[in-house]
Amino acid sequence: MANSKETRAIKRDKKIIFLLPIITGIITFGAVRYFLSKNSTFIISVADGIDDFKTLLGIWGTLLGFMIAAVAIIITLGNDKFVDLLKDTGHYNTILFSYGLCCVHLFFAVIFALVCILFRIWKMNVFVILCAVSVDIVVIVAICLFFLLGIIGKMNK
């Protein structure tokens with residue numbers, strides 16, 4: 001449900017936050033797929049692929065835990081002058097939106113990795129998806145870091 005205080009700029013920002021990780025993931029999917037079609041000798045074994053999934057599962061699971069903790073902290077910040085300003089301008093909801101969306105992306109990435117590990121699913125097509133999901137995660141986490149650095153910068157003034 002849209003907030004009545006949401007300006008056109010805030011709506012635009014939320015669309016960018018929503019679409020940017022997905023679009024970069026799709027571009028990565030196409031680029032990696034193209035690369036693999038030109039380099040048929042590039043093959044990753046099932047054991048190496050599953051090891052990659054295990055490593056990324058640990059990273060993604062840890063990031064998910066930190067993001068959930070960050071959302072909880074942001075929600076409980078209370079009535080600070082800066083938080084009130086964020087709420088008045090509508091940016092508070094944008095920040096929560098980006099962190100919540102990051103949690104959703106990480107959750108699905110963790111599920112994807114778990115399914116592939118448990119059922120030992122590995123082919124080069126799965127590698128292409130893994131690359132796209134990894135880029136998606138990097139972009140959405142970068143967006144959250146951008147907001148975090150913005151919050152820290154404003155609080156120190």
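Here are legends for a handful of close-ups from a predicted model.

**View 1. Phe-35 and Phe-42, an edge-to-face pair.** The structure holds seven aromatic pairs. In this one, the ring centres of Phe-35 and Phe-42 are 5.7 Å apart and the planes meet at 70°, so we call the pair edge-to-face; the cut-off for that label is over 60 degrees. Neither ring is fully tucked away: Phe-35 is partly exposed at 39% relative accessible area, and Phe-42 is partly exposed too, at 33%.

**View 2. Phe-53 against Trp-122.** Here's another edge-to-face pair, with 5.7 Å from centre to centre and 85° between the planes. Phe-53 comes from helix H2 (residues 46-75), while Trp-122 comes from the loop between H4 and H5, so the pair ties together parts that are 69 residues apart in sequence. How buried are the two partners? Phe-53 has a relative accessible area of 0%, so it counts as buried. Trp-122 is buried as well, with 8% relative accessibility.

**View 3. One aromatic cluster.** Zoom out a little and the rings of the two previous views turn up together: Phe-35, Phe-42, Phe-53 and Trp-122 belong to one aromatic cluster, along with Phe-112 and Phe-127. The cluster takes in the partly exposed Phe-35 as well as the buried Phe-53.

**View 4. Arg-120 and its positive phi.** What is the backbone doing at Arg-120? Its phi is positive, about 50°, even though Arg-120 is not a glycine. That's worth a look because most residues other than glycine have a negative phi. Arg-120 sits in the loop between helix H4 (91-118) and helix H5 (124-155), and Trp-122 from View 2 also lies in the loop between H4 and H5.

**View 5. Lys-87 over the ring of Tyr-92.** This one is a charge-on-ring arrangement: the charged end of Lys-87 sits over the Tyr-92 ring, 5.0 Å from the ring centre.

**View 6. Glu-6 and its lysine neighbours.** Glu-6 is found in the segment before helix H1 (8-38). Is this residue buried or exposed? Glu-6 comes out as buried, because its relative accessibility is 15% and the cut-off is under 20%. Leaving aside residues up to four places away in sequence, Glu-6 touches Lys-11 and Lys-14. With Lys-14 there is also a side-chain link, a polar contact of 2.5 Å between Glu-6 and Lys-14.

Terms used:
Residues are numbered from 1 along each chain as its sequence is written. This is a predicted model: local features need pLDDT of at least 70, side-chain atom pairs count only at pLDDT 80 or more; totals for chains, interfaces and linings use all residues. Side-chain values use heavy atoms; hydrogens and water are left out. Helices (H or I, at least four residues) and strands (E, at least two) are DSSP runs, numbered from the N terminus. Rings of Phe, Tyr and Trp (its six-membered ring) pair if their centres lie within 6.5 Å; planes under 30 degrees apart count as stacked, over 60 as edge-to-face and the rest as tilted. Buried means under 20% relative accessible area, exposed over 50%, partly exposed in between (1.4 Å probe, protein chains only). A charge sits over a ring if NZ of Lys or CZ of Arg is within 6 Å of the ring centre and within 35 degrees of the ring normal. A polar contact is a pair of N or O atoms within 3.5 Å; within protein, one must be able to donate a hydrogen and the other to accept it, and residues adjacent in sequence count only if both atoms are side-chain atoms. Contact means heavy atoms within 4.5 Å.
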